[in-house]
Amino acid sequence: MIRRIATVFLPILLTGFVAAKSEIRIGVAANFHQTLDTLAKKYEATHPDLDITLVPGSSGKLFAQISHGAAFDAFFSADSARPERLESEGKSIPNSRFTYALGKLTLWQPGSATPDLNKAKTLALANPELAPYGRAALEVLIALDIPDDHPKRVLGSNVAHAFNFAQSGAADTAFVAASQLLQISADPAGYEFVDPSLYSPIEQQAVAITDGPEIQGFLAYCKSPQAAKIIVASGYFPHP
């Protein structure tokens, strides 16, 4: 009797079984979050058994988390220094580091017809100690000999926070990433790309933290010509 019951219910159990999806977890610099989300969704569409979880934040904070053992499979930084450090400290997969984009710093004055840094009253930028876009913005301010006390400066922990300051009206001007403005279809009259000769190249690099086939497959896709077209269209300079 027991064997007969098992025979009846076994097909039901097998029919209800659903294979668990594989998951990869990626820390991504705030400026590249939306672009990487686009790439992840396109990749998932052809890999239905894979879930890609993105954790956005400042490069500095994500680096600190990974250095202390946070569970990430890859790290897309807004600079090259932090992936290099992970590599040199043996906390990433050897020879996995690569440049995926060059950041494009942009001056944004919402509602302005012609952006002018000299007319700014409150200037938002990412914290130069935490975020590469903030460091680039500081280089521009120094190159243009802009005083430290005018315009008033407000710092965000990353470029997304600097963007939010300007978008909410908490700052009338901000140094942001071009990709952020393209994502919201901002009025082109209100922003201008900063002369790249005024700041060091924002070389954005990624590195693998684990070596599973799922993360290696996704990183290979991010290096592909198809991905490069999406990255450039999202507001980045093409990497060499």
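Here are a few exercises with worked solutions on a predicted model.

**Exercise 1. The sheet**

Work out the strand order of the open sheet, and find which strands stand at the edges.

*Solution.*
- Step 1: Begin with the order. The open sheet has five strands, arranged β7-β6-β8-β5-β9, and the pairing is mixed.
- Step 2: Look at the two ends. β7 (152-156) and β9 (191-193) each have a single partner strand, so one side of each lacks a neighbour in the sheet.
- Step 3: Add the twist, which averages 25° from one strand to the next.

**Exercise 2. Pairing, strand by strand**

Go through the sheet and decide for each pair of strands: parallel or antiparallel?

*Solution.*
- Step 1: β6 and β7 run parallel and share five bridges. For a residue pair to check, take Ala126, whose bridge partner in β7 is Gly156.
- Step 2: Follow the chain between these strands. From β6 the path goes through helix α5 (residues 132-143) to β7, a β-α-β crossover that is right-handed.
- Step 3: β6 and β8 are also parallel, joined by two bridges. Here Leu123 stands opposite Thr173 in β8.
- Step 4: Turn to β5, which pairs with β8 in the antiparallel sense over four bridges. Trp108 has Ala174 in β8 as its bridge partner.
- Step 5: Finish at β9. Strand β5 (residues 105-108) pairs with β9 in the antiparallel sense, over three bridges, and Thr106 has Phe193 as its bridge partner in β9.
- Step 6: Now place the helix on the sheet. α6 (residues 159-168) packs there and touches β5, β6 (122-126), β7 and β8 (173-177). The direction of α6 makes about 140° with that of β8.

**Exercise 3. Burial in β6 and β8**

Sort the residues of β6 and β8 by the way they point, and say whether they are buried or exposed.

*Solution.*
- Step 1: Take the cut-off for burial, a relative accessible area under 20%.
- Step 2: In β6, Thr122, Ala124 and Ala126 point one way, while Leu123 and Leu125 point the other way; all are buried. With five of its five residues buried, β6 is mostly covered.
- Step 3: In β8, Thr173, Phe175 and Ala177 share one direction, and Ala174 and Val176 take the other; again all are buried.
- Step 4: Draw the conclusion for β8. Five of its five residues are buried, so β8 is largely enclosed by the rest of the structure.

**Exercise 4. A serine in a helix**

Where is the place of Ser179, and which residues is Ser179 in contact with, leaving aside its neighbours within four places in sequence?

*Solution.*
- Step 1: Ser179 belongs to helix α7 (residues 178-183).
- Step 2: Compare its relative accessible area of 1% with the cut-off of 20%: Ser179 is buried.
- Step 3: With those sequence neighbours set aside, the contacts of Ser179 are Asn31, Ser234, Gly235 and Tyr236.

**Exercise 5. Two domains**

Describe how the chain is divided into domains and how domain 1 and domain 2 meet.

*Solution.*
- Step 1: Read off the bounds. The domain assignment gives domain 1 as 23-103 + 202-234 and domain 2 as 105-193.
- Step 2: Place the two parts. Their C-alpha centres lie 25 Å apart.
- Step 3: Count the residues in the contact: 17 residues come from domain 1 and 15 residues from domain 2.
- Step 4: Finish with the area. Domain 1 and domain 2 bury about 1,200 Å² between them, and 60% of this is on carbon and sulfur atoms.

Technical notes:
Residues are numbered from 1 along each chain as its sequence is written. This is a predicted model: local features need pLDDT of at least 70, side-chain atom pairs count only at pLDDT 80 or more; totals for chains, interfaces and linings use all residues. Side-chain values use heavy atoms; hydrogens and water are left out. Two strands pair if DSSP finds at least two bridges between them. Axes are lines fitted to C-alpha atoms, for helices over the stretch in contact, and angles run from 0 to 180 degrees between N-to-C directions. Contact means heavy atoms within 4.5 Å. Buried means under 20% relative accessible area, exposed over 50%, partly exposed in between (1.4 Å probe, protein chains only). A crossover is right-handed if, with the strands pointing away from the viewer, the path from the first strand over the helix to the second runs clockwise. Domain bounds come from an automatic or database domain assignment. Buried area is the accessible area (1.4 Å probe) that two parts lose on being put together, summed over both.
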